[in-house]
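Let's walk through this chain together, starting with one contact-rich spot and working outward. Please keep the viewer open as you read.

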Amino acid sequence: MSAIRTMCPHCLSPVELDPSEILLLSAPAAAATGSYAYNCRSCERVTVAPLSPAGFAVLTAVGVTVHSGEPAPPPAPPVHRFTTDDLIDFHRLLDTQDWFTQPLRTR
Ligand SMILES: [Zn+2]
């Protein structure tokens with residue numbers, strides 16, 4: 001596994017990173033570029049910077065995992081299936097005089 005050498009822009013210390021220590025995010029529009037982040041061991045600050053397509057290619061070639069910059073889709077709303085109990089409740093509701101004006105119940 002190759003080490004990636006860079007210089008921390010905050011403390012100007014040389015930084016040597018394993019590919020697993022770099023967070024590489026692909027840009028939403030173009031998958032061949034993006035940005036990266038790493039933590040400097042000297043000053044404990046996080047550096048986040050954009051990447052050129054060439055820099056992106058170098059990091060992926062040495063084994064840095066690419067994470068999608070796309071936000072995760074929202075979870076699907078819970079599905080309520082119409083059950084036999086719902087049918088019985090609906091039947092009882094229809095037997096009332098004011099069923100049309102009663103508010104809907106949701107679970
Ligand atoms: Zn630093």
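Two residues count as being in contact here if their C-beta atoms, placed from the backbone, lie within 7 Å. With that in mind, take Leu 17: leaving out residues up to four places away in sequence, Leu 17 touches Ala 3, Ile 4, Ile 22 and Tyr 38. Bear in mind throughout that this is a predicted model. The mean pLDDT of the chain is 86, and 90% of the residues reach 70 or more. Among the elements, β2 has the highest mean pLDDT, 94, and β6 the lowest, 84.

Now for the overall plan. The chain has 2 helices and 6 strands, and along the sequence they follow the pattern β-β-β-β-β-α-β-α. Of the contacts between residues at least 6 apart in sequence, 46% join residues at least 24 apart. Buried residues make up 9% of the 107 residues.

Which residues make up the largest nonpolar core? There are 9 in all: Val 15, Leu 17, Leu 24, Tyr 36, Tyr 38, Cys 40, Leu 51, Phe 56 and Val 64. The elements that contribute two or more residues to this core are β2 (14-17) and β4 (34-39). As a general point, nonpolar side chains in soluble globular proteins tend to be buried together.

Strand β2 is a good place to look at two faces of one strand. In a regular strand, side chains alternate between the two faces of the sheet. In β2, Val 15 and Leu 17 form the covered face, while Pro 14 and Glu 16 form the uncovered one. Val 15 and Leu 17 are also both members of the largest nonpolar core.

What does β2 pair with? Its antiparallel partner is β1 (residues 4-7), joined to β2 by 4 bridges. To find the pairing in your viewer, look for Arg 5, whose bridge partner in β2 is Glu 16. The two strands form a hairpin with 6 residues between them.

Two residues in that connecting loop deserve a visit. Pro 9 lies in the loop between β1 and β2, and Pro 9 counts as exposed because 11 C-beta neighbours lie inside 10 Å, where 12 or fewer is the cut-off for exposed. Leu 12 belongs to the loop between β1 and β2 too. Leu 12 is exposed, with 10 other C-beta atoms within 10 Å. Its backbone stands out as well: phi of Leu 12 is near 60°, a positive value in a residue other than glycine. For background, most residues other than glycine have a negative phi.

Next, move to the open sheet of 4 strands, which has the order β5-β4-β3-β6 and mixed pairing. β5 and β6 (66-68) stand at the edges, each with a single partner strand, so one side of each is left without a neighbour in the sheet. On average, neighbouring strands of this sheet are turned by 25° against each other, direction ignored.

Inside the sheet, β3 (residues 23-26) and β4 pair in the antiparallel sense over 4 bridges. Here Leu 25 has Ser 35 in β4 as its bridge partner. β4 and β5 are antiparallel as well, paired over 6 bridges, and Tyr 38 stands opposite Thr 47 in β5. Tyr 38 is the residue we met at the start as a contact of Leu 17.

A hairpin links β4 and β5, with 6 residues between the two strands. Glu 44 sits in the loop between them and has a positive phi of about 65° although it is not a glycine. Is Glu 44 buried or exposed? Glu 44 is exposed, with 9 other C-beta atoms within 10 Å.

Finally, look at Val 46, which is found in strand β5 (residues 46-51). Val 46 is exposed, with 11 other C-beta atoms within 10 Å. Setting aside neighbours within four places in sequence, Val 46 is in contact with Ala 37 and Asn 39. Val 46 also brings us back to the loop after β1: the C-alpha atoms of Val 46 and Pro 9, 37 residues apart along the chain, are separated by 9.8 Å. For Val 46 and Cys 8, 38 residues apart along the chain, the C-alpha separation is 9.1 Å.

Note on methods. Residues numbered from 1 in each chain as written. Predicted model: local features only at pLDDT ≥ 70, side-chain atom pairs only at ≥ 80, totals over all residues. Buried ≥ 20, exposed ≤ 12 C-beta atoms within 10 Å, placed from the backbone. Core = buried A, V, L, I, M, F, W, Y, C linked by C-beta atoms within 7 Å. Pairing = 2+ DSSP bridges. Axes fitted to C-alpha atoms, helices over the stretch in contact; angles between N-to-C directions. pLDDT = per-residue confidence, 0-100.
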